[in-house]
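Reader: I would like to learn how to read salt bridges in a model. Please start from the general picture and then go through single pairs.

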Amino acid sequence: MPLLLFAGFRSLIDQLHAELARQGHPDVRPAHGFAMQAIGLDGATAATVGRRLGVSKQAAGKTVDRLTALGYAERTADPTDARRKLVRLTPHGLDALARSARIFDELRARWSATLGPDRLRALETDLRTVTPPDTFTLDAEGWLGP
């Protein structure tokens, strides 16, 4: 069962990233997408990104460095605390995030067409039931590396 769950996950993520590459974002990797979601629309510090992903501040910082180098994020002064830097998504990063959401909706629709909408909803409900709330972290080793 764990391998089937992982295979389903990989299938979705691999298809999403293949389509995202076709739509102008060939450099985005799964870790980048998770990090951009952790940054969010309002921005976040690297420490906050790390907490949201369940990784160290240093690992999050390396991913933020990569997103910055690729033009998906930028570091800006925090208006509430001059000692801190906020990471914000650039228009390029916001575009990638928006496209990812649309692509995921299309992939989910394909699963719904294949399994049937009731079965897909039941699968999602069952996974929510067996997954403890608020415990998801992305701590798969190597995902947040360069």
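Author: What follows goes from the overall fold to three salt bridges. The model is predicted.

Reader: How many helices and strands does the protein have, and in what order do the elements run?

Author: The protein has 6 helices and 2 strands. Read from the N terminus, the order is α-α-α-α-β-β-α-α. The C-alpha trace spans about 50 × 35 × 25 Å along its principal axes.

Reader: What share of the residues is buried?

Author: Of 146 residues, 35% count as buried. The accessible surface is about 9,300 Å², and carbon and sulfur atoms make up 57% of that surface. Among contacts with a separation of 6 or more, 55% are between residues 24 or more positions apart.

Reader: Now the charges. How far apart are the mean positions of the positive and negative charges?

Author: There are 20 positive and 17 negative charges, and their mean positions are 3 Å apart. The structure holds 8 salt bridges.

Reader: How should one such pair be read, and which residue does arginine 75 pair with?

Author: Take the distance, then the place of each partner in the chain, then the exposure. Arginine 75 pairs with aspartate 65, with 2.9 Å between the closest N and O atoms. This pair links distant parts of the chain: arginine 75 is in strand β1 (residues 73-78) and aspartate 65 is in helix α4 (residues 57-70), 10 residues apart. Arginine 75 has a relative accessible area of 37% and is partly exposed. Aspartate 65, at 40%, is also partly exposed.

Reader: Where do arginine 99 and aspartate 95 lie?

Author: Both are in helix α5 (residues 91-115), 4 residues apart, which is about one turn of the helix. Their side chains form a salt bridge with an N to O distance of 2.8 Å. Since buried means under 20% relative accessible area, arginine 99 at 23% is partly exposed. Aspartate 95 is partly exposed as well, at 28%.

Reader: Which parts does the pair of arginine 108 and glutamate 124 tie together?

Author: The side chains of arginine 108 and glutamate 124 meet in a salt bridge at 2.7 Å, N to O. Arginine 108 belongs to helix α5 and glutamate 124 to helix α6 (residues 117-130), so this pair ties together parts 16 residues apart in sequence.

Reader: Are these two partners buried or partly exposed?

Author: Arginine 108 counts as partly exposed at 28% relative accessibility. Glutamate 124 is partly exposed too, with a relative accessible area of 22%.

Note on methods:
Residues are numbered from 1 along each chain as its sequence is written. This is a predicted model: local features need pLDDT of at least 70, side-chain atom pairs count only at pLDDT 80 or more; totals for chains, interfaces and linings use all residues. Side-chain values use heavy atoms; hydrogens and water are left out. A salt bridge is a side-chain nitrogen of Lys or Arg within 4 Å of a carboxyl oxygen of Asp or Glu. Buried means under 20% relative accessible area, exposed over 50%, partly exposed in between (1.4 Å probe, protein chains only). Contact means heavy atoms within 4.5 Å. Accessible areas come from the Shrake-Rupley method with a 1.4 Å probe; for residues, only the protein chains shown count as cover. Lys and Arg count as positive and Asp and Glu as negative; His and the chain ends are not counted. The place of a charge is taken as NZ of Lys, CZ of Arg, CG of Asp or CD of Glu.
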